[in-house]
Amino acid sequence: NKQRLLQQQQQQQLSGAAAALDQLSYQAAESQLLAADMRCHRAAVLQSLPPPPGWLARKLQLLFSCGVRSSSSMAEGSAEREQVVLLLSLAKTGFSDASEVHVQLLQAVYRAFTGRSDSVPRFGAHWCDIGFQGDDPATDLRGVGMLGLLQLLYLPHHDAAAAQQLYKLSTSPTQDFPLAIVGLNITRWTLTALRAGCLTRAAHRLNSYTAAANHFYCGAWYEFYSRWCQGKTMRDSGFVLKHLEEYCRKHPGQLLQLAAAPDKAMAAANSKAWQPS
């Protein structure tokens, strides 16, 4: 009887863990990841940012930018600068199988796109279903770290219908593309925009650099969809990504507008979509 009771308790614990896994939301993942101790990356991150200007330079920047500060005007230790440091530190944080939230987040990404309700093995060819390159998705996160994985989950959180259209196109027999890999590339462009100060105005409007980075990310995805659904295939992938990266660098405001109205952005793209004869 004691053995049976122990087995029941273990089963209940496993069931509880599975339930917690299913309940992991984007908000919970973001909160836990950004609250983690990432001080080991701080020095490298600060070196990658432009140094804070002096008092006079900040005043001049405020004067000539109508009160809207750029990232280079953020004072050292300011709340704004710390938000950027946190995001860049998260991008330097690698996947760890010892971290429950990392494992949960990976599972949540798979479920969000495929619609599966159960967990899947940590390693296997099934990760290619959502656009990772091999059996271990952690190997694709180099350069973007856990921020890349978090933003993949943000896409369906921002607009589930738009994310499903992207996933459906990525699995098309003729226009398939590696969804996760494209998303990780977009996270790289987001990091570039953060460092360059291109998201500062949006961050002030949204009261969050994380929100601004996520909106930029989703806007880039909607622009990608608009271009890819015009008959593009993997033969065109290098060209499409190269030109999209340049567009993202030059027109961050346009991407933020797309993210503000996902339905409109996707409808406009679908109206111009290539139709097979």
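Nine aromatic pairs are counted in this predicted model, where rings of Phe, Tyr and Trp (its six-membered ring) pair if their centres lie within 6.5 Å, and planes under 30 degrees apart count as stacked, over 60 as edge-to-face and the rest as tilted. One of them is the edge-to-face pair of F177 and W228, with 5.5 Å from centre to centre and 65° between the planes. This pair links distant parts of the chain, 51 residues apart: F177 lies in the loop between helix 8 and helix 9 (179-196), and W228 in helix 11 (residues 209-228). Helices (H or I, at least four residues) are DSSP runs, numbered from the N terminus. F177 and W228 are both buried, a term that stands for under 20% relative accessible area, with exposed for over 50% and partly exposed for values in between (1.4 Å probe, protein chains only). The ring centres of W221 and F224 are 5.6 Å apart and their planes stand at 90°, so this pair is edge-to-face as well. W221 and F224 are three residues apart in helix 11 and are therefore separated by about one helical turn. Both W221 and F224 are buried. Together, F177, W221, F224 and W228 make up one aromatic cluster.

Residues are numbered from 1 along each chain as its sequence is written. As the model is predicted, local features need pLDDT of at least 70 and side-chain atom pairs count only at pLDDT 80 or more, while totals for chains, interfaces and linings use all residues; side-chain values use heavy atoms, with hydrogens and water left out.

The count of salt bridges comes to seven, a salt bridge being a side-chain nitrogen of Lys or Arg within 4 Å of a carboxyl oxygen of Asp or Glu. R122 takes part in a salt bridge with D97 (2.5 Å, N to O). The two residues are 25 apart in sequence, R122 in the loop between helix 6 (100-114) and helix 7 and D97 in the loop between helix 5 (79-91) and helix 6. A second salt bridge joins R122 to D136 (2.8 Å, N to O). D97, R122 and D136 are thus linked in a network of salt bridges. Within this network, R122 is buried, at 16% relative accessible area, whereas D97 is partly exposed at 46% and D136 is partly exposed at 21%. The charged end of R122 also sits over the ring of F123, 4.4 Å from its centre; for such an arrangement, NZ of Lys or CZ of Arg is within 6 Å of the ring centre and within 35 degrees of the ring normal.

In helix 11, R227 and E223 lie four residues apart, about one turn of the helix, and their side chains meet in a salt bridge (2.9 Å, N to O). R227 is partly exposed, with a relative accessible area of 22%, while E223 is buried at 13%. The charged end of R227 sits over the ring of Y247, 4.9 Å from its centre.

D159 is located in the loop between helix 7 (145-158) and helix 8 (160-170). Although buried, D159 has no salt bridge, and the nearest side chain of opposite charge, K264, is 14 Å away. A polar atom of the D159 side chain lies 3.3 Å from the backbone nitrogen of A161.

N207, in the loop between helix 10 (200-206) and helix 11, has a positive phi of about 60° although it is not a glycine. With a relative accessibility of 67%, N207 counts as exposed.

Note on methods
Lys and Arg count as positive and Asp and Glu as negative; His and the chain ends are not counted. A polar contact is a pair of N or O atoms within 3.5 Å; within protein, one must be able to donate a hydrogen and the other to accept it, and residues adjacent in sequence count only if both atoms are side-chain atoms.
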